[in-house]
Amino acid sequence: MFSIFRFFSKALPDLRAFSLERYNFDFSFDTLTAGVDNVSYDVLLSPQARKAAGHVAYRLITEHSGTDETLGVSHTKGNKDRETFEVVCRDILLDGITKAKAARDVQIDLLAQVAMAKMLVSEIQVQYELLIKRFKSNLWQNETSKGQHHSSTIAFKEKLSEIQQNRTSIFRSVGADLFQFFTGIQRGDLQPMREANFGAEPLLPTDIFANPMIHVEDTTDTLFMIEQ
């Protein structure tokens, strides 16, 4: 056993072979007033923003779960939904910059970004549950329809079980895509605008929201931590 362990351990790369970098940045809301619970900060996002994010998240979930054709999700409409999401998202972030500039407080801009990120993570969960609900509804209709074959019902059940078993991987894939869109919006004209108004030092790194630890459900997942 010891010789086998030594054999495999020799194949492991030295940590110095990895290009590891770190960065530090200030992230505080100490100049802002806490919400009604005196702990968190209250942010009101428009229903249009949640709706737009929900449409994009749902399309991505059906795509990564392989149920888009089964549920009749239109890819053409998906492209339009993404365009709408990007416009709405940019408007909200721009509003955060404008309010931060007027108040001369960059933390308002930071709060707007965090609020958007939190909403996106929440919407992935909401839309996944909606997918499960719709799939179960279709399964029930399939089971109660006299014209449907038994094999079709079995296929529906197997697919539903697969979706539920792959919940974690679906969340990670959808989160990666959704936050790639979000990061792309951030790297557009918004970042130069922030630098012009607040300077580069107090700004968040443009890739911070691409960090998979932000959109994973369980950061104590050992396999996830090893991979990332």
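In the predicted model, Phe-182 is a buried residue, with a relative accessible area of 0%. Its ring forms an edge-to-face aromatic pair with that of Phe-209, at 5.2 Å centre to centre and with 85 degrees between the planes. Phe-182 belongs to helix α6, whereas Phe-209 is placed in the loop between α6 and α7 (212-215), so the pair ties together parts that lie 27 residues apart in sequence. Phe-209 is likewise buried, its relative accessible area being 7%, a value that falls under the 20% cut-off for burial. Together with Phe-179, the residues Phe-182 and Phe-209 form one aromatic cluster.

The structure holds 4 aromatic pairs in total. Another of these joins Tyr-128 and Phe-171, again in an edge-to-face arrangement, with 5.1 Å centre to centre and 70 degrees between the planes. Since Tyr-128 is part of helix α4 and Phe-171 part of helix α6, this pair ties together parts that are 43 residues apart in sequence. Both Tyr-128 and Phe-171 are buried.

The two helices joined by this pair also pack against each other. Helix α4 spans residues 106-144 and helix α6 residues 167-198; the angle between them is about 160 degrees, and their axes are 11 Å apart. Angles over 145 degrees count as roughly antiparallel, and α4 and α6 are therefore roughly antiparallel to each other. Their crossing is right-handed. On the α4 side, the contact is made by Val-106, Asp-109, Gln-113, Met-116, Ala-117, Leu-120, Val-121, Ile-124, Gln-125, Tyr-128 and Glu-129. The α6 side contributes Arg-167, Ile-170, Phe-171, Val-174, Gly-175, Leu-178, Phe-179, Phe-182, Gln-186, Arg-194 and Phe-198. By class, the residues of this contact divide into 14 nonpolar, 4 polar and 4 charged. Both Tyr-128 and Phe-171 of the aromatic pair are thus included in the helix contact, as are Phe-179 and Phe-182, which belong to the aromatic cluster with Phe-209.

Helix α4 is also engaged by helix α2. The axes of α2 and α4 come within 8 Å and cross at roughly 55 degrees, which makes α2 oblique to α4. The crossing of α2 with α4 is right-handed. From α2, the residues taking part are Ala-49, Arg-50, Ala-53, Gly-54, Ala-57, Tyr-58, Ile-61, Thr-62 and Ser-65. These meet Met-119, Leu-120, Ser-122, Glu-123, Ile-124, Gln-127, Tyr-128, Leu-130, Leu-131 and Arg-134 in α4. The contact of α2 with α4 comprises 11 nonpolar, 5 polar and 3 charged residues. Leu-120, Ile-124 and Tyr-128 of α4 appear in this contact and also in the contact with α6.

Two residues outside the helices carry a positive phi without being glycine. For Asn-38, phi is about 60 degrees. Asn-38 is located in the loop between α1 (2-9) and α2 (47-65), and its relative accessibility of 65% places it among exposed residues. For Arg-104, phi is about 55 degrees, again although the residue is not a glycine. Arg-104 lies in the loop between α3 (75-103) and α4. With a relative accessibility of 79%, Arg-104 also counts as exposed, the cut-off for that class being over 50%.

Within helix α3, the position of Thr-84 was examined. Thr-84 has a relative accessibility of 39% and counts as partly exposed. The C-alpha atom of Thr-84 is separated by 9.6 Å from that of His-55, a residue 29 positions away along the chain.

At the level of the whole protein, the secondary structure comes to 8 helices and 0 strands, so that the order of elements from the N terminus on reads α-α-α-α-α-α-α-α. Of the 228 residues in the protein, 35% are buried. Among contacts with a separation of 6 or more, residues 24 or more positions apart account for 74%. The aromatic pair of Tyr-128 and Phe-171, for which the separation is 43 residues, and the pair of Phe-182 and Phe-209, for which it is 27 residues, both tie together parts of the chain that are distant in sequence by those intervals.

Key: Residues numbered from 1 in each chain as written. Predicted model: local features only at pLDDT ≥ 70, side-chain atom pairs only at ≥ 80, totals over all residues. Heavy atoms only, no water. Axes fitted to C-alpha atoms, helices over the stretch in contact; angles between N-to-C directions. Helix = DSSP H or I, 4+ residues; strand = E, 2+ residues; numbered from the N terminus. Parallel < 35°, antiparallel > 145°, perpendicular 65-115°, else oblique. Left-handed = near helix turned anticlockwise from the far one by under 90°. Contact = heavy atoms within 4.5 Å. Nonpolar A, V, L, I, M, F, W, Y, C, P; charged D, E, K, R; others polar. Phe/Tyr/Trp six-rings, centres within 6.5 Å; stacked < 30°, edge-to-face > 60°. Buried < 20%, exposed > 50% of the residue type's maximum accessible area, 1.4 Å probe, protein only.
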